[in-house]
Amino acid sequence: MTELKIALIGFGVVGQGLVEILLEQKKELKVKYGLEFSVVAVSDTIKGSIYDETGLDIQKLLDLVKETGNINDYPNGVKGWDSLKTIKETNSNLIVEVSWTDIKTGEPAISHVKAALKSQKHVVMTNKGPIALVARDLLSLAEANNVQIRFEGTVLSGTPAINLGLNNLAGSKISKIAGIVNGTTNYILTEMEKGLGYDEALKQAQDLGYAEADPTADVEGYDALGKIVILANVVMGGNLTKDQVPRQGITKITVKDIEDAKKEGKRWKLIAGAEFKKDNSIEAYVRPEKIPLDHPLAAVTGPINALTYTTKYLGDVTIVGPGAGREATGFGLLNDILDIYRYIKK
Ligand code: HSE
């Protein structure tokens, strides 16, 4: 049976979340799903790099990061390999790309993923940049190299937003996808309604680990924009670029706007949507909308996300779940790994 030999490119919150889950469930994953794996390499620009072809001790890696902030004191193995060398020259057959997200350029993640696919290694990732910018190229490259790429965690973290559309709703004739796809802004709007100021609410979202490294990506709608482009292109088969999508964030919403909406029986939400037009083109947008309180999306508060698929045969299908977080996003990667494992075992 094929053993997955995993190399992690990046060892921040999400990468650590994944290996914690792998460690916790090692036996169960083998018994239930037949999954056999080892983590052979970790390469992180800040925390250091380590490679052992026979497999690393995951608990030791996690302990080291907790105690020292890096993995440089790992007792054995080869140290100091950069991300590209780790991708190309380790005996890994699956690359977990969890380096930082740059939604504007997609780098360095695009280079990582291309190198992995060209080296005929499978890829799982939560990095939105590459998928929002060059999903088609990466999917073609994977196919040309006879390997698999999965990225469920790029939208709604581990809540199965992409797989729902691609697999479970295949053939349902999706006409529209819309919802709340950014946890930080939903948290801020919820807290502002409770009476907190914008700055304090944003600070809380940062402290709780929901916000991007540069929270402008959240509050100005760039993160939501990346996610709706992914859904439009990957699930609806579109070919949108970021620049074709009008984007408005939540920075102009005042406490008075929130109170006025309340008086009207409404609630502000940052909504991202993509819809087929009559000519079969796709129109997408990111904008704050006042939602009536009896609408299902109005009840989605805090860092929770929700997406409604409008279909011909089922009408509206809505999924609600976490859109960010260590475990939730780590789980998205695990689910992708299991999916690839099932695929290659066939
Ligand atoms: N900053 C993002 C959010 C993280 O708040 O939703 C998950 O993509």
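This passage walks through a predicted model, from its two domains to its sheets, a helix pair and two backbone details.

A good place to start is the overall division of the chain. The protein chain falls into domain 1, made of residues 3-158 + 326-345, and domain 2, made of residues 162-322. Between the C-alpha centres of domain 1 and domain 2 there is a separation of 28 Å. The two domains also touch: 18 residues of domain 1 make contact with 21 residues of domain 2. The size of an interface is often given as the accessible area lost when the parts come together. Here, about 1600 Å² is buried between domain 1 and domain 2, and carbon and sulfur atoms give 62% of that area. On the domain 1 side, Lys128, Val155 and Leu156 stand out, since together they supply 35% of the area that domain 1 buries against domain 2, more than any other three residues.

The sheets come next. Strands of a sheet pair through backbone hydrogen bonds, either parallel or antiparallel. One open sheet has 7 strands, arranged in the order β4-β3-β2-β1-β5-β6-β7, and its pairing is mixed. At its edges are β4 (78-79) and β7 (149-150), each of which pairs on one side only. Within this sheet, strand β1 (residues 4-9) runs in the parallel sense with strand β5 (residues 94-97), and 4 bridges link the two. For a reader following along in the structure, Ala7 is a handy landmark, with Ile95 in β5 as its bridge partner.

Beyond β5, the loop that leads to α5 holds Pro108. The peptide bond joining Glu107 and Pro108 is cis, with omega about 5°. Helix α5 (residues 109-118) then packs with helix α6 (residues 128-144), their axes coming within 10 Å and crossing at roughly 10°. The two helices α5 and α6 are therefore roughly parallel to each other. From α5, the residues Ala109, Ile110, Val113, Lys114, Leu117 and Lys118 meet Pro130, Leu133, Val134, Leu138, Leu141 and Ala142 of α6. Sorted by class, this contact has 10 nonpolar residues, 2 charged residues and no polar ones. The loop between α6 and β7 contains Asn146. Most residues other than glycine have a negative phi, and most peptide bonds are trans. Asn146 has a positive phi, near 60°, without being a glycine.

A second open sheet has 5 strands, in the order β10-β9-β8-β11-β12, with antiparallel pairing. Its edge strands are β10 (282-292) and β12 (315-322), each pairing on one side only. From one strand to the next, the twist averages 20°. Strand β9 (residues 266-276) pairs with β10 in the antiparallel sense over 11 bridges. Arg267 offers a point of reference here, as its bridge partner in β10 is Ile291. Helix α7 (residues 161-168) packs on this sheet and touches β8 (174-180), β11 (304-311) and β12. The direction of α7 makes about 20° with that of β11.

Methods
Residues are numbered from 1 along each chain as its sequence is written. This is a predicted model: local features need pLDDT of at least 70, side-chain atom pairs count only at pLDDT 80 or more; totals for chains, interfaces and linings use all residues. Side-chain values use heavy atoms; hydrogens and water are left out. Axes are lines fitted to C-alpha atoms, for helices over the stretch in contact, and angles run from 0 to 180 degrees between N-to-C directions. Angles under 35 degrees count as roughly parallel, over 145 as roughly antiparallel, 65 to 115 as roughly perpendicular and the rest as oblique. Contact means heavy atoms within 4.5 Å. Ala, Val, Leu, Ile, Met, Phe, Trp, Tyr, Cys and Pro count as nonpolar, Asp, Glu, Lys and Arg as charged, and the others, Gly among them, as polar. Two strands pair if DSSP finds at least two bridges between them. Domain bounds come from an automatic or database domain assignment. Buried area is the accessible area (1.4 Å probe) that two parts lose on being put together, summed over both.
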